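Me: I would like to go through this model step by step, with the reasoning behind each reply laid out. Could we begin with a single residue and work outwards from there?

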Amino acid sequence: MIDKTITFDKFVRWMLAGLLAVAILYVLNYLGGVLLPFFVAWLLAYLIYPIVKFVQYRLHVPGRVLSIIVSLAFLVAVIGGIVYLIIPPMVDQFEKLGGLVTRYLHEKTHISNFPLAIRTWIETNSQAIQDVFKSDEVKQALSDTMPKLFSFIGQTANVIISVVASLITLLYLFFILLDYEKLAAGFIKIFPPKSRPFWQELINDVERELNSYIRGQSLVALCIGILFCIGFTIIDFPMAIGLGIMIGIMSLIPYVHGLALIPMVLLSLLKAADTGQNFWIILASAVGVFLVVQLITDMVLTPKIMGKAMGLNPAVLLLSLSVWGALLGFIGLIIALPLTTLIIAYYQRYVTKEAGEATTPEASHANGQGQAGTAAPSPPATQCATEDMAEKQPE
């Protein structure tokens, strides 16, 4: 039997490692506002890099700089097209709703000019209004409201700071994409040489599971968007295509598309006021479409597509979403599937010692390299050599 006695030297090293980890976490927390734009830019670069690589080597666009510009222009065009399909129709629908509300109030109150009526009422009751503002209750309400007002102003300032940070994020994104291969290859060098094999395997496994998750969830979101567009078109629901696209985009994060019930209620109210149909019948038909699509998603799309992509049994897949969602809330839903698959893979590799192509370090290494063409490359030396050869190809 192997002697696992804990020596004083091991104890000291473990203590120092623990203190170093705590110090790193403290520094990251303290510098979170500064580091966040960089980490966001790195994530975006990870997602955009396959497009840049395709544009540079497949479309033969000369130079990395021009390839980045073309890729970003393409993404901006796609996002702009989606926004054009969603925002203008939504603005038109709400303007129509405002007109219907104004017409309804005019029919009920027989007032043709509401701003003039409000101003006349204020002039007539000015003394009563002054007395109200001088009361102790109103003063107390104002004293309670002012801190909230200043808090709102502070949040507005945070929004402005976020806009500035987004510009910094774009600069980070450009320069990371410019030398992505070198940065990815050099990342592993921050770890001690003895522990690099473990971290290399971990990076490869995380990359493989993240690639599978992104592809699977994107396909699920595409199917959900198409189903909602078809369903809303069948029941002649307002803004059917735009609302379906919006729900599909929201479905990139599991179960977030449930928030679409809010615009569904407003659009049902608009259609009822515009056509004279019963509001509850319109809303019930829209909710029926939502429930049917949700049932198809839970019973067919998620188990089949995500189960196959992540290598999880449908029951385990749904359980992982429930558990991680309960533990970490919104963030848990995002990381549930890749994290569960990673935990199972490492349990099979280091605890049960199960042999298999998907759970061996060599297979993970090969899988990580095999997906370099579809996602950001991991740092192994073989892949770096491949990237260097690709860089030397004639443009």
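Reply: Gladly; this is a predicted model, and we can start with E207, which is buried because its relative accessible area is 5%, under the cut-off of 20%.

Me: In which helix is the place of E207, and which residues does that helix include?
Reply: E207 is the buried residue with a relative accessible area of 5%. Its place along the chain falls within residues 196–234, and the helix made by these residues is α8.

Me: What separates the C-alpha atoms of E207 and P338?
Reply: Along the chain, E207 and P338 are 131 residues apart. In space, the separation of their C-alpha atoms is 9.5 Å.

Me: What span should α8 have at 1.5 Å a residue, and how far apart are its end C-alpha atoms?
Reply: The helix α8 has 39 residues, and the expected span takes 1.5 Å times one less than that number, so α8 should span 57 Å. The end C-alpha atoms agree with this expectation, as the distance between them is 57 Å.

Me: Which residue with a positive phi follows α8, and what is its phi?
Reply: The residue that follows α8 is D236, which is found in the loop between α8 and α9. D236 is a residue other than glycine, and its phi is positive, near 55°.

Me: M239 also has a phi near 55°; is M239 buried or exposed, and is D236 buried or exposed?
Reply: M239 is found in the loop between α8 and α9, and D236 is found in the loop between α8 and α9 as well. The relative accessibility of D236 is 57%, over the 50% cut-off, so D236 counts as exposed. For M239 the relative accessibility is 10%, which is under 20%, so M239 counts as buried.

Me: Where does S251 lie, and which backbone oxygen lies 2.8 Å from a polar atom of its side chain?
Reply: S251 lies in the loop between α9 (240–250) and α10 (261–275), and it is buried because its relative accessible area is 2%. A polar atom of the S251 side chain lies 2.8 Å from a backbone oxygen, and the residue that holds this oxygen is I247.

Me: Which residues is S251 in contact with, leaving aside its neighbours within four places in sequence?
Reply: One of these partners, Q217, has a number that falls within the residues 196–234 of α8. With the neighbours within four places left aside, the residues in contact with S251 are Q217, A221, I224 and H257.

Me: Which helix gives the most to the nonpolar surface patch, and with how many residues?
Reply: The patch covers about 730 Å² and is made by L20, I24, L25, L28, F38, F39, I168 and Y172. At least two of its residues come from each of α1 (8–30), α2 (32–58) and α6 (136–178). The helix that gives the most, with four residues, is α1.

Me: How does L28 count in terms of exposure, and what is its relative accessibility?
Reply: L28 lies in helix α1 and is one of the residues that make the nonpolar patch. Its value falls between the cut-offs of 20% and 50%, so L28 counts as partly exposed, with a relative accessibility of 39%.

Me: How many helices and strands does the protein chain have, and what share of its residues count as buried?
Reply: The protein chain has 15 helices and zero strands. Of its 395 residues, the share that count as buried is 32%.

Notes
Residues numbered from 1 in each chain as written. Predicted model: local features only at pLDDT ≥ 70, side-chain atom pairs only at ≥ 80, totals over all residues. Heavy atoms only, no water. Patch = residues over 30% accessible without salt bridge, like charges linked within 9 Å, V, L, I, M, F, W, Y side chains within 5 Å. Areas by Shrake-Rupley, 256 points an atom, 1.4 Å probe, with all protein chains shown as cover. Salt bridge = Lys/Arg side-chain N within 4 Å of Asp/Glu carboxyl O. Buried < 20%, exposed > 50% of the residue type's maximum accessible area, 1.4 Å probe, protein only. Polar contact = N/O pair within 3.5 Å; in protein donor to acceptor, adjacent residues only side chain to side chain. Contact = heavy atoms within 4.5 Å.
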